[in-house]
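Reader: I'm new here and would love a short guided tour. Could you walk me through what I am looking at?

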2 protein chains.
Amino acid sequence: MSVINSLFGRPLRSSDELTERLGAAAGIPVFGLDALSSAAYGPEAALALLVPLSVVGISYIVPITICIVILMTIVYLSYRQTIEAYPQGGGSYTVAGQNLGPFAGLLAATALMIDYVLTAAVGISAGVGALVSAIPKFQPHTLLICLVILVLITLVNLRGSRETGVVFMIPTYLFLSSLGAVILAGIGKSIMSGGHPTPVEPPAALPAATAAVSLWILLKAFASGCTAMTGVEAVSNGVTAFREPVVQTARRTLTTVIVLLAMMLLGIAYLCRAYQIGATEPGPGYQSVLSQLTAAVVGRNLFYLITIGSVLLVLSFSANTAFADFPRLCRLIAQDGYLPVPLAERGRRLVYAWGITTLALLCGALLIFFDGVTDRLIPLYAVGAFLAFTLSQAGMVEHWRRKDGSRMHIFLNALGALATGATVVIVTITKFVSGAWITTVLIPLIMIMMFSIRRHYERLRTQISQAATLDVTDRTAPIVVMPMMEWTKVSRAGLQFAFKICSEVYVVHVSTGNADKEFLDNWHKDVEGPARQAGLRMPQLKILKSPYRFVIGPIVDYVLELEGKNPGRQIAVIIPELVEKHWYHNFLHNQRATWLKAALLMKGNRRIVIINVPWYVDD
Amino acid sequence: MSVINSLFGRPLRSSDELTERLGAAAGIPVFGLDALSSAAYGPEAALALLVPLSVVGISYIVPITICIVILMTIVYLSYRQTIEAYPQGGGSYTVAGQNLGPFAGLLAATALMIDYVLTAAVGISAGVGALVSAIPKFQPHTLLICLVILVLITLVNLRGSRETGVVFMIPTYLFLSSLGAVILAGIGKSIMSGGHPTPVEPPAALPAATAAVSLWILLKAFASGCTAMTGVEAVSNGVTAFREPVVQTARRTLTTVIVLLAMMLLGIAYLCRAYQIGATEPGPGYQSVLSQLTAAVVGRNLFYLITIGSVLLVLSFSANTAFADFPRLCRLIAQDGYLPVPLAERGRRLVYAWGITTLALLCGALLIFFDGVTDRLIPLYAVGAFLAFTLSQAGMVEHWRRKDGSRMHIFLNALGALATGATVVIVTITKFVSGAWITTVLIPLIMIMMFSIRRHYERLRTQISQAATLDVTDRTAPIVVMPMMEWTKVSRAGLQFAFKICSEVYVVHVSTGNADKEFLDNWHKDVEGPARQAGLRMPQLKILKSPYRFVIGPIVDYVLELEGKNPGRQIAVIIPELVEKHWYHNFLHNQRATWLKAALLMKGNRRIVIINVPWYVDD
């Protein structure tokens with residue numbers, strides 16, 4: 001237990017819960033890291049689509065970013081209202097589900113679950129990808145480093161949420177302050193030079209234009225830049241994790257995250273235009289937009305290294321947002337019966353251990369399957385987030401209509417729903433071939449699974465509930481069967497227990513060809529003799545031959561046969577079992593008792609019960 | 001089951017065993033592949049140590065190889081006698097153990113076990129190493145390819161030994177025929193050209209000499225070349241796998257393997273001297289000796305590719321020898337009680353599934369730990385094999401002395417023991433720093449483990465054997481305790497069973513804070529009512545509060561408390577359990593029953609038994 005305690009922390013009482021809650025300062029790293037770190041890839045994703053337009057394209061980054069910030073503001077205002085309307089935690093699942101019905105709710109939830117898994121995988125792989133670009137000798141171990149980071153994040157999260165906030169606070173604030181300083185310095189230099197600053201380190205040369213400006217290209221750039229908005233959902237979904245007053249703390253966190261993100265996005269866009277920075281092709285010679293920008297403003301010095309280092313850190317730690325929120329989402333769905341109940345149960349440290357573990361496994365599988373390469377994961381991304389945004393805001397429209405909300409409320413949410421809905425369409429169409437189709441296929445499959453889980457629980461409930469009152473009219477003792485390979489103190493203890501609960505005892509001996517004689521001698525002398533003396537009904541011995549060296553199969557068949565011959569009677573199978581003091585001593589035995597129990601449970605029926613008589617080994 | 005059958009084959013009867021046995025032709029690939037494939041690295045290992053001597057060194061390869069072949073002949077004659085003296089399978093473990101005592105036997109066995117694991121790992125990694133040198137784009141996936149091959153070999157072996165022979169027959173005979181043809185053609189060309197043949201493709205240039213000839217260098221080269229002899233042990237250890245007449249078939253196999261290996265070694269040595277072929281440094285520009293030799297004799301054509309391809313195949317498949325023999329060795333040791341009994345039990349396909357699995361896991365760990373790189377594994381190698389040879393032959397000397405063997409017998413084995421013993425010393429000293437120390441440390445650790453396993457079994461045996469006769473004087477019914485969270489058909493079935501075996505029933509309810517009221521209503525109406533009516537002793541209800549949300553801990557504590565209050569009585573804990581039709585439905589439940597059973601077994605004692613009342617879910 002001490003190993004478990006030092007890895008995961010001591011168990012916490014339910015009443016410890018309040019002290020585990022987050023303030024705004026600790027809430028930003030936990031629920032905002034994903035949104036904030038997307039400043040590192042959102043602008044780059046938009047610029048990448050403007051590359052064919054060369055210099056002309058870069059001039060469009062500022063208006064595109066303004067559009068994204070406007071969209072983000074609409075989404076922000078909507079979620080602000082959501083936090084207020086749903087202080088018990090109102091993610092898209094709750095809002096869409098309660099206002100548009102369970103189907104819409106599950107659709108939103110499925111979209112979000114996919115997105116959280118992708119957030120975790122993309123965050124880790126992007127961080128590690130940046131790390132191995134900086135230190136190429138780590139390149140061959142990309143996947144291993146990804147998995148090590150995944151395990152670390154998982155362990156930190158299994159310890160509980162407050163400590164998580166502390167662990168991730170330092171890199172987040174380092175990232176915000178260093179990148180903020182770069183942006184402010186750049187804007188200052190730009191203004192002083194009349195809008196045409198001289199870069200300390202010149203950015204990569206822009207390739208010649210290969211296309212003319214079209215609405216389609218600008219729309220695609222806008223849609224791609226919208227990846228900067230993934231993660232905005234996190235705060236409103238995790239409201240219950242905040243300190244009292246819950247609504248105010250959560251809103252303050254959301255406001256801070258959105259303002260910081262908007263300022264970073266606008267600052268980056270402005271500086272890209274001022275310094276003429278574009279995206280570069282992946283592969284040799286690749287330089288990220290933030291790396292070019294930082295080098296242009298401050299040069300390649302220690303400060304550059306700190307800034308890029310903090311970018312790497314927050315990128316890989318942004319996965320943590322998914323670890324804070326995915327389990328909470330799963331819990332809500334599980335409470336409604338659409339996911340397995342263990343996902344709704346808290347563990348020793350007041351965290352949803354099963355949700356964390358599930359996410360870690362899915363994310364690990366994704367990383368292994370895609371070899372830890374970010375590029376292939378990105379196109380699957382963002383569809384889910386915007387689908388959830390749309391459903392959530394459509395749900396809010398319905399909410400205000402039911403609750404007589406103001407026209408402004410309805411207008412704002414309807415506008416948001418339309419804007420994000422249009423984004424879903426654009427993202428799905430532009431990214432369909434390169435990966436969005438996978439999301440399109442997965443969503444219905446997961447929803448079918450969730451509906452069939454719910455149906456299973458309902459069927460189960462009808463089967464076991466409304467039990468009749470206790471019926472004790474038939475109290476005939478059960479027939480007892482006990483397998484016995486040889487006469488030892490272990491089998492003696494089992495047989496003595498058998499005679500305590502009934503007088504009709506059957507013993508099964510599976511013949512392995514040797515030592516049968518010795519067993520029979522013991523049987524006559526040590527069992528039949530005393531039974532006769534005590535005047536008991538004689539225990540029946542059944543010897544089974546087993547040509548396949550199987551022991552378990554013949555015993556199970558015999559029990560089933562006996563059960564068939566005695567309709568209405570219960571059959572109790574006594575399984576004596578050696579229990580070792582130390583777990584590793586179990587490797588010394590063939591675990592026949594365990595397998596026999598499993599086989600009886602699997603092939604048996606309600607009339608067959610299993611009695612485990614343990615025999616403890618002394619040290 | 002059909003998936004299992006198609007992966008591993010249908011289960012086999014014990015009486016099928018004879019038809020599963022091997023003839024000489026199938027025995028060569030199974031037990032000889034390791035020995036034969038070592039022709040691909042033995043001569044190279046010797047030549048590598050002669051590099052500092054340049055041309056002079058190469059001239060020594062023929063006498064060194066003759067020494068190795070002489071040593072091999074001595075070992076061969078010894079093992080021929082061993083097969084005869086031990087037709088039931090006489091590896092070094094048996095021979096050393098029976099003649100020199102269990103300590104010597106276990107020492108030999110430990111040495112061999114280490115060597116088998118290394119054989120498997122080195123075989124696979126050398127094969128994959130050669131493959132990725134030929135096709136460099138596979139290089140980044142070296143470890144993955146190693147592990148895939150390991151899994152394939154493991155599956156083939158789990159299917160059973162005859163099919164294994166068939167699978168490995170083709171590459172073995174391809175290797176023997178193509179390399180044989182190259183050697184014969186080379187010798188022909190050399191003789192026709194008066195001992196100075198012109199190479200079709202010139203071998204790598206020899207570096208200038210950096211050392212003078214010394215006995216030490218020649219001894220080291222001899223010791224290194226002796227790696228060609230690892231695997232000779234395999235046949236005599238696996239005698240029981242051969243077809244009747246067992247001794248003759250095994251001897252014929254051993255003779256064939258040794259003659260073929262000796263001819264290949266001598267042929268390679270002769271051609272290396274004739275064509276002036278030396279070992280090249282690892283790294284860029286590296287060319288294996290066999291590749292240089294084949295290219296010199298036949299040029300770089302299709303035949304070259306076939307030859308090198310078959311070398312790669314047998315190298316990686318040579319691991320299979322270890323898979324055929326390691327489990328048989330483990331079985332012998334387990335039968336004597338020095339290794340866990342499951343290693344001595346045959347599985348569905350008459351193979352020692354646990355032994356195969358253990359080897360696969362150890363070999364996999366080694367491959368992962370050394371990143372699939374052969375070079376680092378080689379120095380650990382060969383110490384074990386020669387230690388086993390020495391002990392086996394020393395054992396045979398003792399055997400002949402006891403059985404009045406001829407002087408010739410004793411002389412031959414004593415000579416062998418001295419020669420191989422000297423080799424152990426040389427190999428250990430020359431390879432100590434580069435890896436042999438690991439083997440030197442591991443051997444005593446493994447032996448300590450084996451002796452403590454044996455001691456554990458002996459202690460266990462004394463504890464459970466010599467059971468007294470059945471004592472049925474105390475037949476007081478047990479006290480029954482049953483945990484109940486709510487009143488369902490599942491708990492009803494459990495409680496009704498309780499009343500069938502005794503009248504003193506305690507029910508434990510762990511309060512989770514909600515639904516307690518509903519439970520109490522049910523309790524009064526559905527349990528207490530009928531019990532009163534039937535005039536039964538009233539079941540006792542105990543409600544436990546649990547601040548840590550733990551359910552299992554409080555129940556276990558309560559059971560232990562009850563047990564303490566009732567000395568001399570047995571306590572039966574009834575655990576009702578929902579059993580799903582499909583295994584994957586188990587993920588839908590919290591497995592509380594399983595955990596409770598495990599906790600009770602772990603913390604309980606001999607007076608506490610566990611009764612599992614299953615409740616099957618209908619589809």
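**Cysteines, a cavity and a helix**

Author: Let's begin with the cysteines: over all chains, the structure holds zero disulfides, a disulfide being a pair of cysteine sulfur atoms within 2.5 Å. This is a predicted model, in which local features need pLDDT of at least 70 and side-chain atom pairs count only at pLDDT 80 or more, while totals for chains, interfaces and linings use all residues. Residues are numbered from 1 along each chain as its sequence is written, chains are lettered from A and ligands numbered from 1 in the order in which they are written, and side-chain values use heavy atoms, with hydrogens and water left out.

Reader: Why does A:Cys272 form no bond with the closest cysteine sulfur?

Author: A:Cys272 is buried, with a relative accessible area of 0%; buried means under 20% relative accessible area, with a 1.4 Å probe and protein chains only. Its sulfur is too far for a bond, because the closest cysteine sulfur, in A:Cys67, lies at 16 Å.

Reader: And which cysteine has the sulfur closest to that of A:Cys330?

Author: A:Cys330 is buried too, at 2% relative accessible area. The closest cysteine sulfur is 14 Å away, too far for a bond, and belongs to A:Cys363.

Reader: What is the volume of the largest cavity?

Author: A cavity is a set of points on a 1 Å grid over the protein atoms alone where a 1.4 Å probe fits but cannot get out. Grid points are joined across faces, edges and corners, and a volume is the space filled by probe spheres set on the points. There are eight cavities of 30 Å³ or more, and the largest holds about 90 Å³.

Reader: Which residues lie nearest the centre of the largest cavity?

Author: Helices 3 (42-50), 5 (61-85) and 12 (246-275) of chain B each supply at least two lining residues; helices here are DSSP runs (H or I, at least four residues), numbered from the N terminus. Lining residues have an atom within 4 Å of a point. Of the 14 in this lining, those nearest the centre are B:Gly42, B:Pro43, B:Ile61, B:Thr65 and B:Leu265.

Reader: Which residue caps the N-terminal end of helix 14 of chain B?

Author: Helix 14 covers residues 302-317 of chain B, and its buried residues include B:Tyr304 and B:Leu312. At its N-terminal end, the backbone nitrogen of B:Phe303 lies 3.2 Å from a side-chain oxygen of the capping residue, B:Asn301.

Note on methods:
On a 1 Å grid over the protein atoms alone, a cavity is a set of points where a 1.4 Å probe fits but cannot get out, and a pocket is an open set with protein on both sides within 12 Å along at least five of seven lines; lining residues have an atom within 4 Å of a point. Buried means under 20% relative accessible area, exposed over 50%, partly exposed in between (1.4 Å probe, protein chains only). The expected span of a helix is 1.5 Å times one less than its number of residues. A polar contact is a pair of N or O atoms within 3.5 Å; within protein, one must be able to donate a hydrogen and the other to accept it, and residues adjacent in sequence count only if both atoms are side-chain atoms.
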